[in-house]
Amino acid sequence: MISVRDLTKTYGSTRALDGLSFDARPGVVTGFLGANGAGKSTALRILLALHHADSGEALIDGRRYDQIDRPLHTVGAVLDAGAAHPGRTAFHHLACLARSNRIDRSRVTTVLSQTGLADVAHKRVGGFSLGMRQRLGLAAALLGDPSVLVLDEPVNGLDAAGIRWIRSTLRALAAEGRTVLLSSHLMSEAALTVDHVLIIGEGRLLAETSVAALPRSLEDFYLTMTGEVAA
Amino acid sequence: MSTDVMAAEWLKLRTVRSTSAFLVAAAAATLLGMTLLFLLIQAFDAATTAEQANFETADPTVVIMPFVMFFIGAIGALSITGSPDPGLLAVPHRRLLLASKAAVSGAIGLLAGGAFALLSFIGARLLLGDRPPPLNPWPEWTDALPTIGCTALVVAVTSVVGVGLGAVLRSTAATLLTLGGLILVAPTLAHFLPTVWHLRLATVLLPNLTPQITGADHPYLLSRPGAVVVLAGYMIVALVAGALALGRRDVS
């Protein structure tokens with residue numbers, strides 16, 4: 001369960017988050033939707049203790065991320081496809097993460113197979129395509145078999161097969177009772193993946209609803225909600 | 001959790017090519033130092049007895065170790081600047097992450113510094129044979145032990161300084177430039193200062209702390225305890241500055 005309350009964050013004179021509050025519940029894929037610069041990535045980075053909030057709190061199962069011991073067992077995150085050291089192999093990248101959180105090394109092989117990277121496990125990440133690096137990011141997120149998954153634009157760089165694969169994977173993970181929070185600015189893709197949407201604009205929550213309850217398409221709903229902000 | 005984090009940091013350093021590249025560079029510096037020593041001994045043998053009395057001591061660590069310090073310190077620096085993600089998603093406790101990087105880099109510095117100092121000593125002993133002081137700095141092999149031990153300690157502290165600088169500066173280029181300036185450039189620039197200021201500055205530079213700690217012949221100003229305090233000060237300042245910088249920063 002992810003709970004965000006009254007989150008504010010300012011960079012210089014730019015207010016990135018302005019009292020943002022939302023919940024993401026277990027068992028559903030929650031879409032965190034907004035235009036570029038809406039504050040999605042900032043909120044996710046605060047949730048993962050990479051950025052400091054000016055005020056408010058972001059909790060995962062009732063705790064701040066930096067209060068969780070061996071957090072990869074609880075939370076898996078995909079933030080930046082370029083986060084892995086380019087000179088390290090995919091296997092060693094995951095082995096380092098596994099070692100830091102006392103995760104059995106057999107999980108490295110498991111998630112590499114699960115994400116379709118078994119054949120390139122011992123190749124250096126610097127030679128990977130963007131799609132392969134996205135898959136490696138997802139492999140890292142799945143490493144600790146976490147109950148909460150946080151993904152920032154995970155389909156960027158993936159081909160059609162990869163997008164379909166990630167969609168079915170995330171839906172299967174949510175069906176197992178996990179909390180899945182997925183940010184995206186691609187409405188058509190989000191409509192096929194998420195069960196519940198949070199629409200964010202100018203650092204605030206503009207709307208939230210179940211996709212099943214929408215009277216029209218997610219894209220229309222999104223444009224209506226964000227258009228209200230622009231007006 | 002700290003042992004797991006340290007084991008992971010050790011694995012990280014072991015699985016990138018830059019670590020072995022810097023170790024090879026340190027070995028090359030040691031070999032170059034041995035070559036210079038060989039040439040110096042040839043000149044000594046060709047000199048008259050009066051000229052031989054004026055030869056400076058042939059302690060190879062004076063020439064070699066600043067380069068070894070830089071290359072081993074660079075391993076510590078890259079442990080934090082070498083990757084876009086320093087590892088905070090896996091270890092969000094920032095002080096623990098920094099302390100683990102510093103501990104692993106310091107241990108590598110201690111082992112590698114000791115190993116290269118020992119290699120330099122063995123090479124020098126073989127080349128110098130039974131030639132007398134002042135050319136031969138260690139008439140007995142036991143005379144070199146304090147120098148080897150202190151050199152290892154100074155290289156270990158240099159590695160920790162590399163980690164702290166990396167945490168503050170964030171950029172690999174800026175960190176290596178600063179580390180190189182501190183270890184390789186500042187001792188040279190100090191020579192251009194008036195003697196009093198040269199001595200004051202040179203006294204507190206990392207490469208010059210080894211002879212002050214061992215109590216060997218040197219022109220510097222610190223007592224042995226004073227030199228130990230300055231060495232500890234480098235480590236404390238680097239770790240505190242690194243912890244403050246990493247703790248306050250928003251990480252991409």
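The following paragraphs walk through a predicted model of two chains, A and B, from the strands of one to the helices of the other and on to the contact they share.

A good place to start is the open sheet in chain A. Six strands make up this sheet, in the order S5-S6-S7-S3-S8-S9, and their pairing is mixed. At its edges lie strand S5 (75-78) and strand S9 (204-210) of chain A, each of which pairs on one side only. From one strand to the next, the twist averages 15 degrees. One pairing can be followed in detail: S5(A) and strand S6 (residues 148-152) of chain A run in the parallel sense and are linked by four bridges. Within this pairing, Gly76(A) has Leu149(A) in S6(A) as its bridge partner. When looking along such strands, it helps to remember that side chains in a regular strand alternate between the two faces of the sheet.

Helices also lie across these strands. Helix H1 (residues 40-47) of chain A lies across strand S3 (29-33), S6, strand S7 (179-184) and strand S8 (196-201) of chain A, and its direction makes an angle of about 145 degrees with S6(A). Helix H4 (residues 130-142) of chain A lies across S5 and S6 of chain A, running at about 170 degrees to S5(A).

Chain A has further strand pairings to explore. Strand S1 (residues 2-11) of chain A runs antiparallel to strand S2 (residues 14-24) of chain A, and eight bridges join them. In this pairing, Ile2(A) stands opposite Ala24(A). S1(A) and S2(A) form a hairpin with two residues between them, and in the turn Gly12(A) has a positive phi of about 60 degrees. S1(A) is also joined by five bridges to strand S4 (residues 55-60) of chain A, again in an antiparallel arrangement. Here Ser3(A) has Leu59(A) as its bridge partner in S4(A).

Turning to chain B, a pair of helices deserves a look. The axes of helix H4 (residues 60-81) of chain B and helix H5 (residues 94-128) of chain B come within 9 Å and cross at roughly 155 degrees. Angles over 145 degrees count as roughly antiparallel, and H4(B) and H5(B) are therefore roughly antiparallel to each other. The crossing of H4(B) past H5(B) is right-handed. On the H4(B) side, the residues that meet H5(B) include Ile64(B), Val68(B), Ile72(B) and Gly76(B); on the H5(B) side, Leu98(B), Ile108(B), Gly109(B) and Phe116(B) are among those in contact. The residues of this contact divide into twelve nonpolar, six polar and one charged.

Two backbone details in the loops are worth finding in the structure. Most residues other than glycine have a negative phi, and most peptide bonds are trans. Asp61(A), although not a glycine, has a positive phi of about 50 degrees; Asp61(A) lies in the loop between S4 and S5 of chain A. In chain B, the peptide bond from Pro133(B) to Pro134(B) is cis, with omega near 5 degrees. Pro134(B) lies in the loop between H5 and helix H6 (145-169) of chain B.

Finally, the two chains meet. Their contact takes 26 residues from chain B and 32 residues from chain A. Between them, chain B and chain A bury about 2500 Å², with 56% of it on carbon and sulfur atoms. Asp4(B), Leu89(B) and Asp250(B) supply 25% of the area that chain B buries against chain A, more than any other three residues.

Notes: Residues numbered from 1 in each chain as written. Chains lettered and ligands numbered in written order. Predicted model: local features only at pLDDT ≥ 70, side-chain atom pairs only at ≥ 80, totals over all residues. Heavy atoms only, no water. Pairing = 2+ DSSP bridges. Axes fitted to C-alpha atoms, helices over the stretch in contact; angles between N-to-C directions. Contact = heavy atoms within 4.5 Å. Parallel < 35°, antiparallel > 145°, perpendicular 65-115°, else oblique. Left-handed = near helix turned anticlockwise from the far one by under 90°. Nonpolar A, V, L, I, M, F, W, Y, C, P; charged D, E, K, R; others polar. Buried area = accessible area lost by both parts, 1.4 Å probe.
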